[in-house]
Amino acid sequence: MSELLDLKVGKYSFMIEIVIILPFLLFITPETVAILAAISKLVFSRKNKIVRSIFSFFMYSFGTFLYYSTSLDYFKLPLFVFGILLSNFFLLLIYFNIETFKEIMGMIPKSYLILFSLSLIMSFGYFFAEVKLGYLFYLFIVYALISYQLYEYVRQFNVSLIEKIEFERLKNISESLLKLKNLVFENEERDLERSLQKLLEIVCKISGFHVAVLSLFNNNTGYVERIAHFGLTEEDFERAKNNKPKISEVVKYFNKKFENNGVYFIPEGLALIESNIGFIISHERKIDSERSWDPKDLLLIPIKDELSNLIGYISLDVPQSGMRPTKNDMNLLNFLSWIVYKFLSKTLHIKYWLNDTGVYFKNASYVSFIRFCENKIKESENVTLAYLDIENYLFEKFRNMAIYYKISSENYMILFFNVSKRFVLLYLDEMNNFLKEKYSDVSLSIGLVYSKKNQKNIFQLIYEAKKALKIAKKSGGGRIHSL
């Protein structure tokens with residue numbers, strides 16, 4: 001019966017079985033209760049069966065010992081409950097960590113007092129001169145009313161827990177928004193990967209979740225790549241990285257029927273969820289509420305580029321409140337996804353959504369292309385930037401040595417990486433000669449600038465390449481000029 005009622009204190013079960021057991025102690029022995037309680041835990045508990053059964057047997061056995069320590073009938077039930085509560089307090093101290101103990105400590109004194117009071121009420125049964133149905137009915141009515149007060153107290157305590165969590169969350173939001181601005185838009189750190197983990201930590205603090213995992217679509221392989229996390233152990237994250245889902249498996253969850261304000265929430269049971277899509281690490285049983293978060297719930301925050309293309313997602317798990325997200329939560333998460341994208345655009349991870357079209361970034365914005373060039377410059381030993389002016393010609397894609405971008409109808413920018421300047425000059429010269437022979441009406445002018453690793457940034461390269469292009473065009477056009 002207590003397993004069916006399953007009264008909750010936050011994420012934990014309240015000892016409602018004491019309330020159920022007390023009336024039976026007028027008719028059966030406490031040692032029988034101790035054995036039956038342990039067996040029922042072993043049979044009906046939904047998790048940690050053995051541990052809960054051992055703990056139950058220990059508590060009720062100590063209560064039984066105190067029960068028989070007095071010869072006065074009226075004190076037997078209060079001593080029995082006192083023994084249970086004392087051993088329960090001891091087990092709480094050794095089983096839970098200090099943070100969890102502090103979380104539930106607020107209700108321990110009053111709930112213990114109510115349970116002890118119930119034992120005093122039920123002890124009035126020993127004062128009856130004879131067993132009459134009317135006496136027992138009156139006793140059980142009083143007992144039921146006090147039990148209901150206990151239920152209401154626990155329920156109100158749950159509400160106060162949620163209110164406390166929401167208050168702390170609002171405080172975290174106000175403190176974290178400034179950190180978010182500094183991290184994303186004013187970040188000077190070289191270690192962007194470390195900063196990315198900090199960003200996910202801030203996202204968790206603002207959104208009220210304990211776990212966040214960032215995944216991006218690798219269109220070259222067709223699989224989802226795990227990029228960063230917050231709240232997982234390194235072992236769990238490595239396991240997630242090795243357990244990659246296919247992009248096609250993930251995209252089906254970004255369905256309109258799961259969408260709310262740009263965020264996708266898939267409740268447990270609504271759709272078949274593959275275990276490697278989300279991160280189901282929360283094994284706590286849900287609070288007794290329709291809005292309770294289930295360990296198999298899936299919350300996905302899509303990450304989209306400037307053209308609204310889906311490039312990845314953030315998976316959130318283990319909410320601090322234990323509740324499912326609200327409409328306001330969805331609005332906030334949608335905003336945070338845009339912030340994460342802006343930060344990702346500064347990192348090498350930009351390659352995941354820009355490389356899907358090969359080396360020609362026709363669907364990327366100019367800003368995205370520039371940022372990608374910055375990253376290529378950082379990771380390459382040497383680079384050469386060519387600024388081309390081409391009339392009536394669209395060239396083929398370069399392979400494994402360059403990336404290029406169409407700036408206007410006639411102008412292209414090409415960044416060659418990890419190849420020598422001499423090779424680039426020969427390559428472009430051959431290209432120029434080929435165009436002159438095959439297309440008499442095509443004129444190709446090129447401005448060229450070279451840089452060793454991290455010697456010049458992309459803006460210096462563009463400035464010098466445009467300067468070289470002007471010189472090439474003023475010299476008659478159809479030429480290559482290098483600075």
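**Contacts, sheet and cores in a predicted model**

In this predicted model, 67% of the contacts in the protein with a separation of 6 or more are between residues 24 or more positions apart. The secondary structure comes to 16 helices and 13 strands. Of the 483 residues, 49% count as buried.

A sheet is a convenient place to start. It is open and has 6 strands, in the order 4-3-8-7-6-5, with antiparallel pairing. Strand 4 (223-230) and strand 5 (259-260) stand at its edges; each has a single partner strand, so one side of each lacks a neighbour in the sheet. In general, strands of a sheet pair through backbone hydrogen bonds, either parallel or antiparallel.

Strand 3 can be followed towards each of its partners. To strand 4, strand 3 (residues 209-218) is joined by 7 bridges, and the two run antiparallel. Asparagine 218 has tyrosine 223 of strand 4 as its bridge partner. The hairpin of strand 3 and strand 4 has 4 residues between the strands, and in this hairpin glycine 222 takes a positive phi near 85°. With strand 8, strand 3 pairs over 7 bridges, again in the antiparallel sense. Here phenylalanine 209 stands opposite proline 319 of strand 8.

How much of strand 3 is buried? The strand is mostly covered, with 9 of its 10 residues buried. Valine 213 is found in this strand. Its relative accessibility is 0%, and valine 213 therefore counts as buried, the cut-off being under 20%. Valine 213 lies 103 residues from leucine 316 in sequence, yet their C-alpha atoms are 6.7 Å apart in space.

Helices also meet the sheet. Helix 12 (residues 327-344) lies across strand 3, strand 5, strand 6 (263-266), strand 7 (298-304) and strand 8 (310-319). The direction of helix 12 is at about 40° to strand 7.

The next topic is the nonpolar interior. The largest nonpolar core has 38 residues, and those with the most contacts inside it are Ile18, Leu22, Tyr60, Phe80, Leu115 and Leu150. At least two residues of this core come from each of helix 2 (16-24), helix 3 (30-44), helix 4 (49-67), helix 5 (73-95), helix 7 (108-122) and helix 8 (133-185). Which residues does leucine 150 contact, leaving aside its neighbours within four places in sequence? They are Phe14, Val19, Ser111, Ile114, Leu115 and Leu118. A second core, separate from the largest one, has 34 residues, including Leu180, Leu216, Ile227 and Met330.

Helix 5 and helix 7 can be examined as a pair. Their axes come within 8 Å and cross at roughly 160°. The two helices are therefore roughly antiparallel to each other, since angles over 145 degrees count as such. Their crossing is right-handed. On the helix 5 side, the residues that meet helix 7 are Tyr74, Leu77, Pro78, Val81, Phe82, Leu85, Asn88, Phe89 and Leu92. On the helix 7 side, the residues are Ile108, Tyr112, Leu115, Phe116, Ser119, Leu120 and Met122. Leu115 is also one of the residues with the most contacts inside the largest core, and Leu115 is in contact with leucine 150.

Terms used:
Residues are numbered from 1 along each chain as its sequence is written. This is a predicted model: local features need pLDDT of at least 70, side-chain atom pairs count only at pLDDT 80 or more; totals for chains, interfaces and linings use all residues. Side-chain values use heavy atoms; hydrogens and water are left out. Two strands pair if DSSP finds at least two bridges between them. Contact means heavy atoms within 4.5 Å. Axes are lines fitted to C-alpha atoms, for helices over the stretch in contact, and angles run from 0 to 180 degrees between N-to-C directions. A nonpolar core is a set of buried Ala, Val, Leu, Ile, Met, Phe, Trp, Tyr and Cys residues joined through side-chain atoms within 4.5 Å. Buried means under 20% relative accessible area, exposed over 50%, partly exposed in between (1.4 Å probe, protein chains only). Angles under 35 degrees count as roughly parallel, over 145 as roughly antiparallel, 65 to 115 as roughly perpendicular and the rest as oblique. A crossing is left-handed if the near helix is turned anticlockwise from the far one by less than a right angle, and right-handed if clockwise.
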